[in-house]
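The questions below go through one structure, and each is followed by a short reasoned answer.

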Amino acid sequence: MIKIAPSILSADFSNLKDELKKVEEGGADFIHLDIMDGNFVPNITFGPPVIKRIRNVTKLPFDAHLMIENPERYIDDFVDAGADIITVHEESTRHLHRTIQSIKNRGIRAGVALNPSTPLNNIEYIMEYIDMVLIMTVNPGFGGQSFISSMKRKISDLKDIIDKRKLNIEIQVDGGIKLDNAREIANLGAEILVVGSGIFAAEDPTEETKKFKNI
Ligand code: DX5
Ligand code: ZN
């Protein structure tokens, strides 16, 4: 079954506790946390203190997507706050291999995210060290944008590379995923779908999460 990671970027921040419970009830597999610094992306969200506060209101694993410059400075803070997976952008860190090692050394899972224009080649030599690749299917920074259709080929190319090299890597896809394209994206090889507005802008996020689980 497809794994669903609701992104709280589109949730009601004045009522995060209930929002988390709604998607947990709907069968979500992760909580996707979009961390933005106003520098790597043109938007600012939240950081470790918020994560620490919500850590106790759900049992779901926290999947932290760091859209920040030089994320290596904050790995320990996010692990200490309760992140179970940390994903850094290939474009955001000068020594990607070292950054991945510092995540793995803390005993959690490491992912690498690629902006739409970043080629898969850029992670060719570090793929054996990571647990997940996040294919961005919008330019990071905001919820509610449209899926960039040329990313379909990128997802299937990544799937081929992982199969050919027999790597143990999950493919996560993030941006513009709605009920009407989710099945197609999963069929290309995506195993974890991040859904923000598709779940939290809906009337009933619990029901919507169930629908995504059943695509
Ligand atoms: C975008 C974020 C996404 C975003 C997805 O920068 O990384 O996780 O919340 O939102 P939707 O599903 O609305 O495109
Ligand atoms: Zn994200």
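Q: Which residues is His-32 in contact with, leaving aside its neighbours within four places in sequence?
A: The model is predicted. In it, His-32 lies in strand 2. With neighbours up to four places away in sequence set aside, the contacts of His-32 are Ala-5, Pro-6, Ser-7, Asp-63, His-65 and Val-194.

Q: Is His-32 buried or exposed?
A: The C-beta atom of His-32 has 28 others within 10 Å. A residue with 20 or more such neighbours counts as buried. His-32 is therefore buried.

Q: Which residues does UniProt list for "binding site"?
A: The listing comes from an unreviewed UniProt entry. The residues named there are His-32, Asp-34, His-65 and Asp-174.

Q: What is the largest C-alpha distance among these binding site residues?
A: The four listed residues are His-32, Asp-34, His-65 and Asp-174. They are spread over 143 residues of sequence, yet they cluster in space. Their largest C-alpha distance is 10.6 Å.

Q: Which residues does the UniProt annotation "active site" cover?
A: This annotation, too, is taken from an unreviewed UniProt entry. It covers Asp-34 and Asp-174. Although 141 residues of sequence are spanned, the C-alpha distance given for the cluster is 10.6 Å. The residues asked for are Asp-34 and Asp-174.

Q: Is Asp-34 buried or exposed?
A: Asp-34 is found in strand 2. Beyond four places in sequence, Asp-34 touches Ser-7, Leu-9, Thr-45, His-65 and Met-67. Because 24 C-beta neighbours lie inside 10 Å, Asp-34 counts as buried.

Q: Where is Asp-174 found, and is Asp-174 buried or exposed?
A: Asp-174 is found in strand 7, residues 170-174. Apart from residues up to four places away in sequence, Asp-174 touches His-65, Leu-134, Met-136, Thr-137 and Val-194. There are 25 other C-beta atoms within 10 Å, so Asp-174 is buried.

Q: Which residues around ligand 1 are the closest?
A: The shell around ligand 1 holds 21 residues. Strand 2 (31-36), strand 8 (192-195) and helix 7 (197-200) each supply at least two of them. The closest are Ser-7, Pro-140, Gly-143, Gly-196 and Ser-197.

Q: How many residues of each class does the shell around ligand 1 have?
A: The residues surrounding ligand 1 number 21. By class, they are 6 nonpolar, 13 polar and 2 charged.

Q: At what angle do helix 1 and helix 8 pack?
A: Helix 1 covers residues 16-25 and helix 8 covers residues 205-213. Their axes are 7 Å apart, and their crossing is right-handed. The packing angle is about 35 degrees.

Q: How many nonpolar, polar and charged residues has the contact of helix 1 with helix 8?
A: Helix 1 contributes Glu-19, Lys-22, Val-23 and Glu-25, while helix 8 contributes Pro-205, Thr-206 and Thr-209. By class, that contact has 2 nonpolar, 2 polar and 3 charged residues.

Q: Is Ser-146 buried or exposed?
A: Ser-146 is found in the loop between strand 6 (132-136) and helix 5 (151-164). Within 10 Å there are 10 other C-beta atoms. A residue with 12 or fewer counts as exposed. Ser-146 is therefore exposed.

Q: How far apart in space are Ser-146 and Lys-59?
A: In sequence, Ser-146 and Lys-59 are 87 residues apart. In space, C-alpha to C-alpha, they are separated by 31 Å.

Conventions. Residues numbered from 1 in each chain as written. Chains lettered and ligands numbered in written order. Predicted model: local features only at pLDDT ≥ 70, side-chain atom pairs only at ≥ 80, totals over all residues. Near = placed C-beta within 6 Å. Helix = DSSP H or I, 4+ residues; strand = E, 2+ residues; numbered from the N terminus. Nonpolar A, V, L, I, M, F, W, Y, C, P; charged D, E, K, R; others polar. UniProt positions renumbered as here; feature names shortened; annotations may be inferred. Contact = placed C-beta atoms within 7 Å. Axes fitted to C-alpha atoms, helices over the stretch in contact; angles between N-to-C directions. Left-handed = near helix turned anticlockwise from the far one by under 90°.
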